[in-house]
4 protein chains.
Amino acid sequence: MTISGFNHKISVVVRFHEVDMLGVCNNAVYLNYFETARLEYIKSIGLMPGKGIFSDGKLFFVVHNEIDYLDHARYDDVLDVYSRISFIKNSSFGYDHLVVNQKNNKEIAKGKGVIVYVDPVTGKSTDLPELFVETIKRFEPEVRILKDEKLSE
Amino acid sequence: MTISGFNHKISVVVRFHEVDMLGVCNNAVYLNYFETARLEYIKSIGLMPGKGIFSDGKLFFVVHNEIDYLDHARYDDVLDVYSRISFIKNSSFGYDHLVVNQKNNKEIAKGKGVIVYVDPVTGKSTDLPELFVETIKRFEPEVRILKDEKLSE
Amino acid sequence: MTISGFNHKISVVVRFHEVDMLGVCNNAVYLNYFETARLEYIKSIGLMPGKGIFSDGKLFFVVHNEIDYLDHARYDDVLDVYSRISFIKNSSFGYDHLVVNQKNNKEIAKGKGVIVYVDPVTGKSTDLPELFVETIKRFEPEVRILKDEKLSE
Amino acid sequence: MTISGFNHKISVVVRFHEVDMLGVCNNAVYLNYFETARLEYIKSIGLMPGKGIFSDGKLFFVVHNEIDYLDHARYDDVLDVYSRISFIKNSSFGYDHLVVNQKNNKEIAKGKGVIVYVDPVTGKSTDLPELFVETIKRFEPEVRILKDEKLSE
């Protein structure tokens, strides 16, 4: 890790079909990169889909995405996608992302996402398991825990 | 219908993100168009997903696709995708597709696809329902019925 | 138009391949819908790509996107994507989007985007043409013009 | 290389958004994998886009694709995509592809593609450079050279 404040990175290569007619990686493709990064993040800390807490049958849904495009990425560029969980609420948590072009260290994009933990039976959000929260806290010492604040509402 | 031999047509507009850095609709996108055309075809003859025979719990999977690219399509081109079911076997059936650029009637692509009817419990192909076969025969009088040939194998 | 505050609408149908393994329209697909909506918006007010101000050789690039996902959209849902230009700065402008499920009027997503006008020769942002600004002002009487504020910086 | 007859391999991981609502990698995605494989193949033999013969300004367009889907691939599966150039004609050449699931060596798909070499000025196909043909012949000793046959037409 060379980027301060991030403990997780994946690398993706911009594929031919992801580049649009302006010659740059299409704006929507970055949300696919973020999605891939988030799943790899969860896997890397031992909370892999199909195992651990994901096997409790609960689902994760994205409820918010935002992205600032800082520079273009082009075909065959190798992009490092840095991710961290920045906050945890009762039934949701937030990611920060930074995309850097590996060849020149230029920042390509910055993004955020919020994920909510949903019980597929009720279709409603439900409290994040304690194991999830504790695992994230160990991996991200600076994560803001906003659970109590919400409980006191 | 202006194209001889086809009783079904959908129209799609080439979207910005479907155009690649060569300025033309990317080759893989046509398989999405074919997929959309096939589902609309099934819907148009009253065998709509979620109703009728699709509600028997069986699944349709593509087992073959082929496509000849005859000319380029570009951003915002309106494409007519013509489809017909050309043959029916015991547990599979085949589509023919023709893609025509609406603005100049140029043929953009020709394709074929084979769909197999699968029982999700066994994971194996299973006989197409008689209702499906009869409905197709009414809609496509020239469809080749290859069921008996397979039965005699 | 049935939605207050929006003068432009396109309708899109959620395609089979846009639905992910959770059974809902994938989060990134909405940025494609926004992109399509923006281009149709520009076309509808007579500033069509390839004609008018777009033919001055300048490019439009997205520099910001954000989206709140309010409800799921599923295969074959017809979505109305409402768009308005909410502000204009010297060389950029901002869109608001609202996505509504046509069958039940449920709000599916809300989004924003910022587009910058770029001179491909210099690669730098450049002032929006007066024709563009005047055309938008006629179509969107409530658009906030932030050009002067920026000029006075 | 563990697969007889192929001298080139890339590995791709099935991404979340590439899986459709049937829980399997969508059929069109494989054409993106083939496209990626073909470009990596060309790069690996020193005929990289932007360098070497690609810098002569000529373009490569796909004129044919076909694929047999042999088994499903699912989210996070690692797929080995094997490619070889099987024939070379005057202004076109053909690929064979084989997709294998890395975890169990099951064959997922087999495909073919034909690429034509086009002069962007005339928009017509043009003879493949001798360097291209010679380089392929060294890398694929069993490639069928169909140039002479076409010349004698």
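**The interface of chain C and chain A**

Q: How many salt bridges does the rule find across the interface of chain C and chain A?
A: The rule finds 0 salt bridges across this interface, where a salt bridge would need a side-chain nitrogen of Lys or Arg within 4 Å of a carboxyl oxygen of Asp or Glu. The model is predicted, so that local features need pLDDT of at least 70 and side-chain atom pairs pLDDT 80 or more, while totals for chains, interfaces and linings use all residues. Residues are numbered from 1 along each chain as its sequence is written, chains are lettered from A and ligands numbered from 1 in the order in which they are written, and side-chain values use heavy atoms, with hydrogens and water left out.

Q: What makes β2 of chain A and β2(C) a pair of strands?
A: Pairing requires at least two DSSP bridges, and β2 (residues 59-69) of chain A meets β2(C) in the antiparallel sense over 5 bridges, so the two strands pair. Within this arrangement Asn65(A) stands opposite Ile67(C).

Q: Why is the relation of chain A to chain D called that of a two-fold axis?
A: Superposed by least squares on the C-alpha atoms of residues with pLDDT of at least 70 in both, chain A falls on chain D after a rotation of 180° with 0.0 Å of shift along the axis, at an RMSD of 0.0 Å. That is the relation of a two-fold axis. In chain A, the C-alpha nearest the axis belongs to Val12(A), 5.4 Å from it.

How values were computed. Helix = DSSP H or I, 4+ residues; strand = E, 2+ residues; numbered from the N terminus.
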